[in-house]
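Please keep the model open in your viewer and follow the selections in the order in which they are suggested. Each stop names what to select and then says what is there.

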Amino acid sequence: MKFKKLITLLLCGVMFTACFGVAPHVSALTVSQVQQEINKLQQASDKLEKEIASLKKDKANQNALKAKLDAQIYNIQQQIALCNGKIEETNALIAENEKEIAAKKKEMEKVVFEYKQRIRAIYMGSSAGNGVEVLLGAETFSDFISLSQASLNISRRDKRMLDDITEMIAVIEEKTAENKALIEEQKSIKATLAEKQKKLDKQVTEINGVIASLNSDISENNSQVNKYQQDIKEWNKVKEELSRVDDPVDTSPFDGIFTWPVPGYTNRTSEYGSRWNAHHAGIDIAQAGIANAKVVAIASGTVKVWCNSCTHNYGKWNGSSIWSCGCGGGYGNYLSVDHGYYNGVHYRSVYAHLSSITVSTGQKVGKGQQVGKVGTTGHSSGYHLHFEIRKNGTAVNPMNYY
């Protein structure tokens with residue numbers, strides 16, 4: 001029974017030491033070195049964070065904000081890669097240690113079995129039974145080894161077997177302790193990884209918001225571009241229509257003398273010619289109290305109403321530029337009066353941005369007769385009359401006639 005107890009203790013010792021462990025030891029970078037690399041990246045990340053916070057206040061610079069967020073995400077991904085690399089390396093070392101532990105365990109079981117057979121043979125064939133019984137009375141494997149060497153006449157081979165078993169147990173215990181230490185190291189790396197992954201998720205969510213905002217801006221810009229293109233198309237149509245001279249010519253008497261189009265209001269806020277990198281085809285008349293003032297035909301003629309459906313009679317100023325509702329190609333509600341020919345030249349007058357029109361297409365009007373009211377429809381920032389005179393379809397400076 002004591003022999004069985006000894007063998008049981010021996011085998012239990014083997015099994016106990018083989019059951020510990022799961023983590024590698026020395027790697028290309030130690031945990032401390034990995035943390036140092038992460039700290040360097042974190043310093044760069046902190047700097048990016050400040051720049052991102054500053055750019056968030058600049059709504060007009062979303063592309064720069066996206067670039068910084070991209071850089072921040074890349075930085076965090078580098079930190080995560082360091083953590084994952086260390087974890088993978090640790091797992092590989094753990095697996096290597098476990099493989100070595102398993103091999104040593106198998107080898108030791110074989111040696112233990114052989115040693116067991118040797119002890120049994122000595123016990124069964126020895127005349128020195130009392131010595132063997134003393135040996136088998138050992139309480140621990142260490143006691144057993146000591147008693148074996150002191151009490152028995154053990155051969156060199158037996159001693160070598162004991163030495164091998166002792167060495168294998170030491171290796172198993174060493175690898176087990178090594179794995180335990182690696183597991184503890186890995187816990188800190190995994191904690192860092194979880195923190196960085198959480199931060200990465202936050203940054204990804206944030207950049208998705210910026211991208212959505214940029215896409216919205218792009219969509220809005222595209223919408224504006226489409227609107228401007230439509231306005232240009234309408235404006236080109238207006239120019240083409242106003243430049244034509246093949247409309248029915250008014251045959252009423254015309255002496256080539258024009259009256260002022262807005263009686264009592266003579267202040268001009270924009271002249272004929274170059275304006276805002278474009279050609280201004282007429283003059284703008286505006287001053288205090290001009291809203292809904294009477295607009296009259298500068299000479300007798302026949303009316304052509306081009307647009308009378310614009311309801312956007314309000315100033316279109318966004319704080320930095322004028323915008324257009326698009327009606328009438330930017331002219332809003334507007335009409336023209338065909339004055340016929342004078343000295344072989346065809347004359348036509350144009351009245352734009354009207355709040356309302358008081359005549360209709362084909363109607364004949366006399367000089368000074370009301371045709372509409374001053375408004376701010378179309379491409380307009382405030383109440384004014386845009387007024388043109390055209391000779392043979394081409395706009396000329398109205399002030400040449402006053």
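**Charged pairs, turns and strands**

Begin by selecting Glu184 and Lys187, which in this predicted model form a salt bridge whose closest N and O atoms are 3.2 Å apart. Both residues belong to helix α6, which covers residues 156–243, and they are spaced three residues apart, about one turn of the helix. If you colour by accessibility, Glu184 counts as partly exposed, because its relative accessibility is 48%, and exposed would require over 50%. The pair is one of six salt bridges found in a search of the whole structure.

Next, select Arg268 together with Glu271, whose side chains meet in another salt bridge, with an N to O distance of 2.9 Å. Glu271 has a relative accessible area of 38% and is therefore partly exposed, and Arg268, at 34%, is partly exposed as well.

For a third charged pair, move to Glu388 and Arg390, where the closest N and O atoms of the salt bridge are 2.9 Å apart. Are these two residues buried or exposed? Both Glu388 and Arg390 are buried, a label that calls for under 20% relative accessible area.

Now turn from side chains to the backbone and select Asn277, a residue other than glycine whose phi is nevertheless positive, near 65°. You will find Asn277 in the loop that runs between β2 (273–275) and β3 (278–280), and with a relative accessible area of 86% it is exposed.

Asn343 is the next selection, and here too phi is positive, at about 55°, although the residue is not a glycine. Its place is the loop between β7 (333–342) and β8 (345–357), where Asn343 is exposed, with a relative accessible area of 68%.

Finally, display the strands and select β10, residues 370–374, along with β5, residues 294–296; the two run antiparallel and are joined by three bridges. Within this pairing, Val295 has Gly372 of β10 as its bridge partner. Keep β10 selected and add β8, which also runs antiparallel to β10 and is joined to it by three bridges. Which residue of β10 is the bridge partner of Ile357? That partner is Gly372, the residue that you have just seen as the bridge partner of Val295, so that a selection of Val295, Gly372 and Ile357 brings both of these bridges into one view.

Note on methods: Residues are numbered from 1 along each chain as its sequence is written. This is a predicted model: local features need pLDDT of at least 70, side-chain atom pairs count only at pLDDT 80 or more; totals for chains, interfaces and linings use all residues. Side-chain values use heavy atoms; hydrogens and water are left out. A salt bridge is a side-chain nitrogen of Lys or Arg within 4 Å of a carboxyl oxygen of Asp or Glu. Helices (H or I, at least four residues) and strands (E, at least two) are DSSP runs, numbered from the N terminus. Buried means under 20% relative accessible area, exposed over 50%, partly exposed in between (1.4 Å probe, protein chains only). Two strands pair if DSSP finds at least two bridges between them.
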